[in-house]
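Visitor: I have a structure to look at and I keep tripping over the vocabulary. Could you walk me through what the terms rest on?

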Amino acid sequence: MIEFLRRLLGQRGSSATAKERLRLVLMTDHLELAPEMIETMKRELVEVISRHVEVDRERIDVSFERQDSALAMLANIPILSVNRPSSNGNGKRDEIPPAPRDAAKPASPKRRTPAKASAEGQAPPTRRRRRRKKPAPAPAPATN
Amino acid sequence: MSARRIVVTSGKGGVGKTTTTANLGATLAKRGRRVILIDADIGLRNLDLVLGLEKRIVFDLVEVAEGRCHLRQALIKDKRFESLAILPAAQTREKEAIAPEQFAAIVEEAAAQVDYVIIDCPAGIETGFRNAVAGAEEAIVVTTPEVSSIRDADRVVGKIAAANKPIRLIVNRLRPEMVSSGEMLSVDDVCDVLAVELLGIVPEDEDVIDTTNRGEPIALRDAGRLSAIYDKIARRLEGELVPFTTFDRQGLFGRLKGALKAG
Ligand SMILES: Nc1ncnc2c1ncn2[C@@H]1O[C@H](COP(=O)(O)OP(=O)(O)O)[C@@H](O)[C@H]1O
Ligand SMILES: [Mg+2]
C-alpha cells in the first residue's frame, strides 16, 4: 500500500537511492584513484589564478566534499598579493581580496573557482569518461 | 590463427563469473566454436564442478606452469560438446603459485589450438586478477544490479581500461519484477553508472542452480529461456547485432538507447 502511494506520488523505490549513492561513491573512488589528475587540476587552477594574484603555491589545499547530491571541490588558495587593482565586481567574497575584474573570468574554465569558492563537481553530462589513468587534459571536470 | 582471449571478471566474488564462463563456453562450443576454458581461480577451483567434469581431473594449471605435464595432458575434454575443454585450477595451491609470464605462456599455447580461450578470473584485484587480465586481450565484466557489485565492477573496469583492453558488461541475476517496482537498479541504470557497453542480461533463474547441481551446462537445455539468453550473448560476442530481451518496463527502446549510449 505504501509502495503504491509512493508510486502514485511519483517517488521511486530504493533503486533511485542506489543509483544516486553509486554515482557519488564512484566519483569519489575515481578521484582517489587519480591523484595525478588532482595535481594537474591544482596546477592549472594556480596558473589561471596567478594571472591576477600572487598565490602561495606551497600552501594550496584541494579537497573534495559531498554536498547533498553533488561532489564539491574545495580549493583553498592563499593569496600573497594582488597584482593589479580591480573594480571589485562582486561582493560574495569577504575574507579574501577580491579577484580582478569580472572580464577576466571567462578565461577561467572552472565555474566559481578562485580562492575559497567551491566548484561543484557537476553531475551527469560526462557519461563517456573512462580514460582515467591518462593525465587529465586541460580542465578536467571532477567527474572524470 | 590465434584465438580470442577473453577474461571473465567482476571484482566481487559470487556474482556469476564461473557460471558465465561455463555457460558461455558451452554455448560457443554448441555453435561449433573450439573453446578452452581456463580456471584461474587457484585454490578455489569451481569451473570443473559447474560443468560436471570434476571427476576427470588429472593435472592442473599450476602443474602445467611448472612443466610437470603438457597442456594437452591437463585439458579435460567435455564429452557433450566435443570442441569444449577446460584447464582446471589447482585446488591445493596458493594464488601466487603461478607467475604472470607462466600464465600468459599457457594462454598463448591454448590460443594456438582453438577459437576462444575464456579465463575464469578469481575475485579481487590482486595477483590472480592481474594474471588473468594480462593473459587476455578483451574482458567481460559480470555484475549483479547491486551497489557493492557495481562498485567493485567499476574498480576492475578502471584497471582493465587502463590496460587499454575492450570491456563489455553482463548484468547477471536481474529480477525484472523488482526493477519494475523500483527496488532494483535497471540494466540502463547499471550501464549508465559504469559507462560500459552491454553484452548481455541474465535474469535470476532457478535453472542456474539446478543445472549447476547436476553439472550440466545450460546450453544442453534447449527448451529453457536461459539457453536462448546465452545463445544471444554468444552471438553478440561474435559481432552479431542481437536485440536485447526486454526484462523491465523501460522496454526495448530504453535498452537500445542504453546500449548506444554506453557503446
Ligand atoms: N542468473 C543466476 N540465477 C540464479 N543463480 C545464479 C545466477 N548466476 C549465478 N548464480 C548462483 O550464484 C552463485 C555464485 O555464482 P558463481 O558463478 O560461482 O560466481 P563467481 O564465480 O563470480 O564467484 C552460484 O551459486 C550460482 O549458482
Ligand atoms: Mg568463481
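Guide: Here is a short tour of a ligand site and a helix pair in chain B. The model is predicted, so local features need pLDDT of at least 70 and side-chain atom pairs 80 or more, while totals for chains, interfaces and linings use all residues. Residues are numbered from 1 along each chain, chains are lettered from A and ligands numbered from 1 as written, and side-chain values use heavy atoms, without hydrogens and water.

Visitor: What makes the link between Thr19(B) and ligand 1 a polar contact?

Guide: A polar contact is a pair of N or O atoms within 3.5 Å. A polar side-chain atom of Thr19(B) is 2.6 Å from a ligand oxygen, so the pair qualifies. Backbone atoms join in too: Gly14(B) at 2.7 Å and Gly16(B) at 3.0 Å.

Visitor: How much of ligand 1 does the protein cover?

Guide: 80% of the 560 Å² that ligand 1 has accessible on its own, by the Shrake-Rupley method with a 1.4 Å probe.

Visitor: Why is H1(B) called roughly perpendicular to H11(B)?

Guide: Their angle is about 75 degrees, with the axes 9 Å apart. Axes are lines fitted to C-alpha atoms over the stretch in contact, and angles run from 0 to 180 degrees between N-to-C directions. Roughly perpendicular means 65 to 115 degrees, so the label fits.

Visitor: Which residues of H1(B) make the contact?

Guide: Among them are Thr19(B), Asn23(B) and Leu28(B), facing H11(B) residues including Tyr230(B) and Ile233(B); contact means heavy atoms within 4.5 Å.

Key
A residue is near a molecule or strand if one of its heavy atoms lies within 4 Å of it. A polar contact is a pair of N or O atoms within 3.5 Å; within protein, one must be able to donate a hydrogen and the other to accept it, and residues adjacent in sequence count only if both atoms are side-chain atoms. Helices (H or I, at least four residues) and strands (E, at least two) are DSSP runs, numbered from the N terminus. Angles under 35 degrees count as roughly parallel, over 145 as roughly antiparallel, 65 to 115 as roughly perpendicular and the rest as oblique.
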